[in-house]
Amino acid sequence: MKKISFDTKKTAETAKDLFSKATDAGKKAVEDVQKGAKNLSEKAKNDSYIRRMKKYNPLFPEQYIDKNFNIPNMIMIRDDAERKGIDVCEGAIGWLNNDSEIEVLCLYDEAVEMSGIKFLPAPVCDAVYYVDSFDRNCFIRTDYIFQKSHEERLAELKNIAYMLGAKACSIEITETVYETVTDKKKADLSAKLPVNGQLKASGKAEQNFSSQDINKRSGKITAKFEGNDTPERPELKWFANDENIKNLIEMRCTKGNSIQSETLELSGSTSATMAQKTAYAIDCTMNKIGAKGSSSMEHQAVKENTSMLIFRVKF
């Protein structure tokens, strides 16, 4: 029998090499598992971060000053302490709320100055402001919008009279308010037995009666001037598209001052502060974000549209 010989040294080296390879493979497997776990952990962190960013939707200064950023038409002033300690909100100047009819910029009170926006009246926490129809950089508190526009219209009419050289003018304001009254009346339907012996009716029935009341409210203001025969064209804002006012200016400025007096009836709808649809959207949005208003914007828009300004001017 042939004797088989073993190279002990070579065998040991081979075993060592195999052990080394197995160890390396084991280390690599462990590293792969650790790397995979780390990647999963990072992905989970990233997914969580993205979800928080979507939830809180913070607005940062660099976004705000970007030329492509458009300031929403509605702004609500909020206390910056509301979101203190939320990592994704660190360094933000507020957040964007897109959950209602109108996008809302919830601006931290501490960021009002840096925003460069003019607020009328002065900004206060939890108040809601809507963009001025004539100045995108000015926002007016919602419960002051209609009052401000009304005051501006009166001032503009008086200035028109003054610039045209009038001796006197008067502005009469008439508002027609429609109120629906519903009256519930109950009728007693006692059980009655007709000739055939069958029960015909019993119990009580309720009936609604509706009616519409029309209430008219009015007020009048007057102004007197020295008057002159050198009229100047006034700058128009609220009445820039009112044909009655434009015709009055033309008659006074281009036809030798022949006009002595004029009475104009100016419908509130021709110089409306905002469309009723917009007013309704503001109401819905304020309700959604939990803001409180002194009165319905839609109601005020309807009232304004049914109003009439009677403008009398004497030269």
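Visitor: What does helix H6 lie across, and how does H6 run relative to strand E6?

Guide: This is a predicted model, by the way. Helix H6, residues 276–288, lies across three strands: E2 (74–78), E4 and E6 (128–131). H6 runs at about 150 degrees to E6. Angles over 145 degrees count as roughly antiparallel, so H6 and E6 earn that label.

Visitor: In which order do the seven strands of the open sheet come?

Guide: Reading across, you get E1-E3-E4-E2-E6-E7-E5, with mixed pairing. The two ends of that order are the edge strands, E1 (58–59) and E5 (118–120).

Visitor: What makes E1 and E5 edge strands?

Guide: Each of them pairs on one side only.

Visitor: How do you know that strand E3 and strand E4 pair?

Guide: Count the bridges: pairing takes at least two, and E3 (residues 94–97) and E4 (residues 104–108) have four, in the antiparallel sense. The pair therefore passes the cut-off. If you want a spot to click on, Gly-94 stands opposite Leu-107 in E4.

Visitor: And what makes the pairing of the sheet mixed?

Guide: Look at E7, residues 138–141. With E5, E7 pairs in the parallel sense over three bridges, whereas with E6 the sense is antiparallel, again over three bridges. Three bridges satisfy the minimum of two, so both pairings count. Phe-139 of E7 shows both sides nicely: Phe-119 has Phe-139 as its bridge partner, and so does Val-131. E6 and E7 also form a hairpin, with six residues between them.

Visitor: Why are H4 and H7 called roughly parallel?

Guide: Two packed helices are described by the angle between their axes and the distance between the axes. Here the angle is about 25 degrees and the axes are 10 Å apart. Roughly parallel needs an angle under 35 degrees, and H4 and H7 are therefore in that class. On the H4 side the contact is made by Ile-145, Phe-146, Ser-149 and Arg-153; on the H7 side, by Met-297, Gln-300, Ala-301 and Glu-304. The residues of this contact split into four nonpolar, two polar and two charged.

Visitor: Which elements give two or more residues to the lining of the largest pocket?

Guide: Helix H4 (145–163), strand E8 (168–188) and helix H7 (297–305). H4 provides the largest share, four residues. The pocket's volume is about 250 Å³. Its lining includes Phe-146, His-150, Ile-173, Glu-175, Lys-303 and Leu-309, and as a whole divides into three nonpolar, five polar and four charged residues.

Visitor: How do you know that Glu-172 touches residues beyond those up to four places away in sequence?

Guide: Contact means heavy atoms within 4.5 Å. With sequence neighbours up to four places away left out, Glu-172 touches Gly-219, Lys-220, Met-308, Leu-309, Ile-310 and Arg-312. Glu-172 belongs to strand E8. There's also a C-alpha distance to check: Glu-172 and Ile-221 are 6.4 Å apart in space, yet 49 residues apart in sequence.

Visitor: What kind of peptide bond joins Leu-120 and Pro-121?

Guide: A cis one, with omega about -15 degrees. Pro-121 is in the loop between E5 and E6. Most residues other than glycine have a negative phi, and most peptide bonds are trans.

Visitor: What is phi of Asn-57 near?

Guide: Near 45 degrees, a positive value in a residue other than glycine. You'll find Asn-57 in the loop between helix H1 (8–56) and E1.

Methods: Residues are numbered from 1 along each chain as its sequence is written. This is a predicted model: local features need pLDDT of at least 70, side-chain atom pairs count only at pLDDT 80 or more; totals for chains, interfaces and linings use all residues. Side-chain values use heavy atoms; hydrogens and water are left out. Axes are lines fitted to C-alpha atoms, for helices over the stretch in contact, and angles run from 0 to 180 degrees between N-to-C directions. On a 1 Å grid over the protein atoms alone, a cavity is a set of points where a 1.4 Å probe fits but cannot get out, and a pocket is an open set with protein on both sides within 12 Å along at least five of seven lines; lining residues have an atom within 4 Å of a point. Grid points are joined across faces, edges and corners, and a volume is the space filled by probe spheres set on the points. Ala, Val, Leu, Ile, Met, Phe, Trp, Tyr, Cys and Pro count as nonpolar, Asp, Glu, Lys and Arg as charged, and the others, Gly among them, as polar. Angles under 35 degrees count as roughly parallel, over 145 as roughly antiparallel, 65 to 115 as roughly perpendicular and the rest as oblique.
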